[in-house]
Amino acid sequence: SKLVRLWEGARLAVDSDNPDKARHATVSMRELLTHIIHTLAPDEEIRQWTSDPAMYDKEKPTRRARLLYICRHVNYDPFTKFVNRDVDSMIEVIALLQRLHQLEGPFDERQLKALRARVEGLLRFLLEIAL
């Protein structure tokens, strides 16, 4: 229920007249994505799945490692190229959400709605293939 509240808060923030809505929405989307990704790709399971040093930073799995781990059951031909590019895209979405540290919202109205739609699609995709 806490995760649903995060998503509902993000959706409502995007549609609100709140002058700080971009920051509110992106914080909720970032926290939700982070929680889902870490739940679906726990450190120990990733360590059992791969020992490739490129998948770790400071002995912790990278976002790429977590996303590839979640996608492991579909990451073979003919999906390999798609999955690799989609993981790159997911990492870019997360990087956009990290911009919340700027004092002024970095997104205009259309960009914020586009970001909400992309995060929703990303969450659906990850949950669908992981379960």
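**Exercise 1: the pocket lining**

Work out how the residues lining the largest pocket of this predicted model divide into nonpolar, polar and charged.

*Solution.*
Step 1. List the lining: Thr34, Ile37, His38, Pro61, Thr62, Arg63, Arg66, Ile94 and Gln98.
Step 2. Sort the list by type, and you get three nonpolar, four polar and two charged residues.
Step 3. Now ask where the lining comes from. Helix 2 (21–40) and helix 4 each supply at least two of its residues, and the largest share, three residues, belongs to helix 2.
Step 4. Finish with the volume, which is about 170 Å³.

**Exercise 2: one residue of that lining**

Decide whether Arg66 is buried or exposed, and find what it touches.

*Solution.*
Step 1. Find Arg66 in the chain: it sits in helix 4 (residues 63–70).
Step 2. Check its relative accessible area, which is 3%. Buried means under 20%, so Arg66 counts as buried.
Step 3. Look for its partners, skipping residues up to four places away in sequence. You should find Ile37, His38, Ala41, Pro42, Asp43, Ile46 and Pro61.
Step 4. Go back to the pocket: Ile37, His38 and Pro61 are among its lining residues, and so is Arg66 itself.

**Exercise 3: the length of helix 2**

Test whether the span of helix 2 agrees with 1.5 Å a residue, then see what the helix packs against.

*Solution.*
Step 1. Helix 2 has 20 residues, so it should span 28 Å.
Step 2. Its end C-alpha atoms are 28 Å apart, so the two values agree.
Step 3. Pick out the buried residues; they include Ala22, Ala25, Met29, Leu33, Ile36 and Leu40.
Step 4. Think about spacing. An α-helix has 3.6 residues a turn, so residues three or four places apart point the same way.
Step 5. Ask what the buried residues pack against: helix 1, helix 4, helix 5 and helix 6.

**Exercise 4: the nonpolar core**

Which residues of the largest nonpolar core touch the most other members?

*Solution.*
Step 1. The core holds 36 residues, and the ones you're after are Met29, Leu33, Val119 and Leu126.
Step 2. Trace the helices behind this core: helix 1 (2–15), helix 2, helix 4, helix 5 and helix 6 (109–130) each give at least two residues. Helix 2 gives the largest share, eight residues.
Step 3. Zoom in on Met29. Apart from neighbours within four places in sequence, its contacts are Trp7, Ala10, Leu97, Leu115, Arg116 and Val119.
Step 4. Follow one of those contacts, Leu97, to its place in helix 5 (residues 80–97). Its relative accessibility is 1%, so Leu97 is buried.
Step 5. List the contacts of Leu97 with the same neighbours left out: Thr26, Met29, Arg30, Leu33, Leu115 and Val119.
Step 6. Turn to helix 6, whose buried residues include Leu115, Val119 and Leu126. Helix 1, helix 2, helix 4 and helix 5 are among what covers the buried residues there.

**Exercise 5: backbone oddities**

Find phi for Lys58 and Glu59, and say where a cis peptide bond joins two residues.

*Solution.*
Step 1. Phi of Lys58 is near 55°, a positive value in a residue that isn't glycine. Glu59 isn't a glycine either, and its phi is about 65°.
Step 2. Place them: Lys58 is in the loop between strand 1 (56–57) and strand 2 (60–61), and that loop also holds Glu59.
Step 3. Check accessibility. Exposed means over 50%, so Lys58, at 75%, is exposed. Glu59 is exposed too, at 67%.
Step 4. For the cis bond, go to Asp77 and Pro78, where omega is about 5°. Pro78 lies in the loop between helix 4 and helix 5.

Technical notes:
Residues are numbered from 1 along each chain as its sequence is written. This is a predicted model: local features need pLDDT of at least 70, side-chain atom pairs count only at pLDDT 80 or more; totals for chains, interfaces and linings use all residues. Side-chain values use heavy atoms; hydrogens and water are left out. Helices (H or I, at least four residues) and strands (E, at least two) are DSSP runs, numbered from the N terminus. Buried means under 20% relative accessible area, exposed over 50%, partly exposed in between (1.4 Å probe, protein chains only). Contact means heavy atoms within 4.5 Å. On a 1 Å grid over the protein atoms alone, a cavity is a set of points where a 1.4 Å probe fits but cannot get out, and a pocket is an open set with protein on both sides within 12 Å along at least five of seven lines; lining residues have an atom within 4 Å of a point. Grid points are joined across faces, edges and corners, and a volume is the space filled by probe spheres set on the points. Ala, Val, Leu, Ile, Met, Phe, Trp, Tyr, Cys and Pro count as nonpolar, Asp, Glu, Lys and Arg as charged, and the others, Gly among them, as polar. A nonpolar core is a set of buried Ala, Val, Leu, Ile, Met, Phe, Trp, Tyr and Cys residues joined through side-chain atoms within 4.5 Å. The expected span of a helix is 1.5 Å times one less than its number of residues.
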